[in-house]
Amino acid sequence: MLFAGGKLCGNPNFAATHQVRDRWRVKLTASSGIEMEISGLDSDGRQFKNADEMWREEVGDSQKKFDWYRNGVGYWQGVEASVEGVLGGYGHVNEPDINSSEAFLNTLLAHLFPNSGRNQHLVALDCGSGIGRVTKNLLIRYFNEVDLLEPVSHFLEAARENLAPENLLVSEDHKAVNFYCTPLQEFTPDAGRYDVIWIQWCIGHLADDDFVSFFKRAKGGLKPGGFFILKENLARSGTGFVLDNEDKSLTRSHAYFKELFSRCGLSIYNMKDQKGFPDELFPVRMYALTTETPRRAGSSRPKRQSNRPGLIK
Ligand SMILES: C[S@@+](CC[C@H](N)C(=O)[O-])C[C@H]1O[C@@H](n2cnc3c(N)ncnc32)[C@H](O)[C@@H]1O
């Protein structure tokens with residue numbers, strides 16, 4: 001599970017009690033492709049020698065893949081449409097989560113957009129939006145239009161209500177526009193619509209192949225200079241991934257994400273670790289991803305060093 005007991009994390013003692021010693025390694029194949037050799041665990045303590053072994057079992061044929069997504073969405077269909085519900089009983093992390101996200105977003109807007117995006121008509125997409133928590137508390141204040149994508153209909157209905165103009169404290173030129181009731185793996189955004197595509201605590205529901213094809217399609221939804229923000233739990237250092245058997249989601253390590261970003265043709269422009277969450281939760285990291293190769297000498301982009309997290313290399 002993503003969240004403790006329930007969702008924002010796994011059992012805090014889980015990785016320690018199931019000592020995974022093999023770590024991960026990335027192996028160069030003869031075809032010069034890169035094949036992941038990342039070992040991991042499931043929430044019942046089973047060990048997998050690599051991600052392929054786990055994915056074969058979970059999504060290895062069309063019926064299994066159908067079941068994977070049905071069970072993932074099915075889990076959330078049984079959850080109350082509230083902040084407490086989407087945060088797995090950790091509603092009190094809402095505030096530190098939003099504060100850190102806002103600081104990260106501000107840094108990026110300042111570096112990537114002229115005049116920090118002020119006087120521009122900005123548009124964002126909130127993926128796996130749940131009840132619209134991130135949009136309501138953050139995105140709607142910075143973006144003139146926000147679209148929401150969420151496969152669970154009672155969450156999306158709650159989002160529609162939460163974001164109705166009479167329930168918002170923003171000016172009239174900031175509004176939630178489109179509410180898409182669909183999962184990420186089936187979604188293709190309108191070409192060139194978004195400045196920012198925000199993906200928080202939902203990408204773990206996607207199998208690797210769908211992860212890659214989603215980002216490849218979604219790149220076409222970005223305006224020139226637009227970027228992705230991915231905010232996600234990380235498997236603790238020494239564990240390549242943790243499969244949650246109950247909600248059918250995967251918590252990946254930084255090395256695992258890096259490999260997938262490279263397959264998507266995305267660069268990490270910046271990243272920052274979430275602070276101020278309870279210790280028993282998985283670490284959480286924010287990634288800003290661009291479609292451009294990072295510039296080198298003389299670059300004016302922020303120095304990555306200052307944000308480099310110490311936990312996972
Ligand atoms: C932990 S909640 C996070 C909600 C929201 N991003 C937030 O931070 O408040 C996970 C969300 O992912 C959604 N989800 C599950 N499977 C998904 C899929 N295949 N595509 C998109 N979203 C999915 C769930 O319905 C749920 O709303």
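## Helix H7 and its packing

In this predicted model, helix H7, which spans residues 153-162, has as its buried residues Phe155, Leu156, Ala158 and Ala159. Seen down the axis of H7, these buried residues fall within an arc of 160°, so they line one face of the helix. The spacing fits a general rule: an α-helix has 3.6 residues a turn, so residues three or four places apart point the same way.

The partners of this face can be named as well, since the buried residues of H7 pack against helix H3, against strand S6 (145-149) and against strand S7 (175-180).

## The chain as a whole

The secondary structure of the chain comes to 9 helices and 13 strands, and of its 313 residues 42% count as buried. Among contacts between residues at least 6 apart in sequence, 69% join residues at least 24 apart.

## The shell around the ligand

The ligand is surrounded by 23 residues, of which the closest are Gly128, Gly130, Pro183, Cys202 and His205. Two elements give two or more residues to this shell, namely helix H3 (62-77) and helix H6 (133-142), and the largest share, 4 residues, comes from H3. Helix H3 therefore appears in two settings, as a contributor to the ligand shell and as one of the elements against which the buried residues of H7 pack, the buried face of H7 being defined by the 160° arc.

By class, the shell divides into 13 nonpolar, 7 polar and 3 charged residues.

## Nonpolar cores

The largest nonpolar core has 55 residues, and within it Ala124, Leu139, Ile197 and Trp198 touch the most other members. Apart from this core lies another, of 21 residues, which includes Ala51, Ala235, Phe241 and Val242. As a general background, nonpolar side chains in soluble globular proteins tend to be buried together.

For alanine 124, leaving aside neighbours within four places in sequence, the contacts are with Leu139, Phe143, Val146, Tyr194, Asp195, Val196 and Trp198. Two of the residues in that list, Leu139 and Trp198, are themselves named with Ala124 among those that touch the most other members of the core.

## Strand S10 and its partners

Strand S10 (residues 241-244) directs Phe241 and Leu243 one way and Val242 and Asp244 the other way, and all of these residues are buried. Phe241 and Val242, which thus point to opposite sides of the strand, both belong to the core of 21 residues.

On pairing, S10 joins strand S3 (residues 40-42) in the parallel sense over 2 bridges, whereas with strand S11 (residues 249-252) it pairs in the antiparallel sense over 4 bridges. Leucine 243 takes part in both pairings, being the bridge partner of aspartate 42 and standing opposite leucine 250 in S11.

## Two residues with positive phi

Most residues other than glycine have a negative phi, which gives a reason to look at two exceptions. Lysine 248 has a phi near 55° and lies in the loop between S10 and S11, within a hairpin that has 4 residues between its strands. With 21 C-beta neighbours inside 10 Å, lysine 248 counts as buried, because the threshold for that class is 20 or more.

Asparagine 119, likewise not a glycine, has a positive phi of about 70°, and its place is in the loop between helix H5 (94-112) and strand S5 (123-127). Here the burial class is the opposite one, because asparagine 119 has 7 C-beta neighbours inside 10 Å and so counts as exposed, the cut-off for exposure being 12 or fewer.

Definitions and conventions
Residues are numbered from 1 along each chain as its sequence is written. This is a predicted model: local features need pLDDT of at least 70, side-chain atom pairs count only at pLDDT 80 or more; totals for chains, interfaces and linings use all residues. A residue is near a molecule or strand if its C-beta atom, placed from the backbone, lies within 6 Å of it. Ala, Val, Leu, Ile, Met, Phe, Trp, Tyr, Cys and Pro count as nonpolar, Asp, Glu, Lys and Arg as charged, and the others, Gly among them, as polar. Two residues are in contact if their C-beta atoms, placed from the backbone, lie within 7 Å. Two strands pair if DSSP finds at least two bridges between them. A nonpolar core is a set of buried Ala, Val, Leu, Ile, Met, Phe, Trp, Tyr and Cys residues joined through C-beta atoms within 7 Å. The arc is that of the directions from the helix axis to the C-beta atoms.
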